[in-house]
Each structure stands twice: as structure tokens, then as C-alpha cells.
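Work through the exercises below with the coordinates open. Try each task before reading its solution.

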Amino acid sequence: MLIRKIAAAVFAVLALGGVQAVTAAPATAAPRILYYDASQAQEFKAVVDQGAQIWNNSVTNVRLLPVTAGRTPNIRVYADNGWPRAYTSSLGNGSWYMGRQAVNQGYHPPRIAAHEFGHLLGLPDRRTGLCADLMSGSSAPVNCTNPNPNATEARTVNNRFASAAVAVPSKVYVWQ
Ligand SMILES: [Zn+2]
């Protein structure tokens, strides 16, 4: 009888321990949500959404969502006649411009949008001249229509958002 009670107690402790182990180690961390405001992107609102969607399809640790009423956006998107450019204040925060100067020269608008979001996600310019690289920007041929990050670019963004506090200096990135 005593042995049976002890066995039951040990089983209960083991079961409790098992439950605790499961709750202490969540299978997947929730992605960090970044809200963007495209309301001032003029004729480029749809292409801004497209750029955000490209990233959402490419990475798991961060999601770009349209800002909802009453919420302060992490990222504001504008449009003007200059070069596309991004202003980062910290990882995931800042603004970028859809610049008509590049659009009018023939650069692919979805590629520009995904590239500028890439800066907000912590990627610098890498002017490799390769269309396969999203962050090669204007160094790739003007007729390059690849809007997707390559595997290294996607992995870098996932790594940057894997932990809560990765310091990224504030910076300005210009398309040309
Ligand atoms: Zn750039």
C-alpha cells in the first residue's frame, strides 16, 4: 500500500515535470509584427502591399502587416519624384520612399518595394550587380524583375529578428 502510494506520488511528480517541460519550451516563437502605413504611398499603395507580402512569404520571424486604426505604424511609406530610399531609426522602424525617378527609368516597382522593406528589416545595400540579389538594388540591370530576397538575405532577416534586441544603427539608404 505504501509502495503504491509512493509510486503514485513519483508518477505525479514526473507527470508535472513533463508538463512543465512542455510549457517551458514553446515549439515556435511568435513572429514579431511590424505595422506599415501605406496611406501616403499615393499610386504605389498596391505595390507596397506586394513588397510586404514578398517578405511575409520569405521569412518566419517577422511579419509586415498594414497598420490598423489607432495604432502607431513601425514603418511609414511615402512617394515622391526622387530616388527610392529608406530611413531606418532602429531595426524594424523608420520610413521609406517609393521614388518615381527609378520607376520612370524602368526599375521594377515590386522589386523596389521589397528592396526598401529589406532595409527596414536590417539589410544594407550590397551592389553586386546580380538580379538574384534583392539588395543589389539599382546595380542589377534595369530590366531585372526579381522581387524576392535570396536565401542568404532571408536567413539574415530571420536571424536579426530571432532575438528581441539586435542593435541596428540608424541609417539612410539611397537607391542610386
Ligand atoms: Zn537600397
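Three exercises follow, on a helix, a core and a set of strands.

This is a predicted model: local features need pLDDT of at least 70, side-chain atom pairs count only at pLDDT 80 or more, and totals for chains, interfaces and linings use all residues. Residues are numbered from 1 along each chain as its sequence is written.

**Exercise 1.** Check the length of helix α4 and its burial.

Solution.
- Helices are DSSP runs of H or I with at least four residues, and strands are runs of E with at least two, numbered from the N terminus.
- The expected span is 1.5 Å times one less than the number of residues.
- For the 12 residues of α4 (109–120) this gives 16 Å; the end C-alpha atoms are 17 Å apart, which agrees.
- A residue is buried if 20 or more other C-beta atoms, placed from the backbone, lie within 10 Å of its own.
- In α4, 11 of the 12 residues are buried, so the helix is largely enclosed by the rest of the structure.
- Just after α4, G122 has a positive phi of about 100 degrees.

**Exercise 2.** Find the contacts of W55 in the largest nonpolar core.

Solution.
- A nonpolar core joins buried Ala, Val, Leu, Ile, Met, Phe, Trp, Tyr and Cys residues through C-beta atoms within 7 Å.
- The largest has 36 residues; W55 and F117 are among those with the most contacts inside it.
- Elements giving it two or more residues include α2 (45–58) and α4.
- Leaving out residues up to four places away in sequence, W55 touches L64, A114, F117 and L121 (C-beta atoms within 7 Å).

**Exercise 3.** Locate the partners of Y87.

Solution.
- Strands pair if DSSP finds at least two bridges between them.
- β4 (85–90) pairs antiparallel with β5 over five bridges, and Y87 stands opposite S95 there.
- β4 also runs antiparallel to β6 (171–174), with four bridges; the partner of Y87 in β6 is V172.

How values were computed: Two residues are in contact if their C-beta atoms, placed from the backbone, lie within 7 Å.
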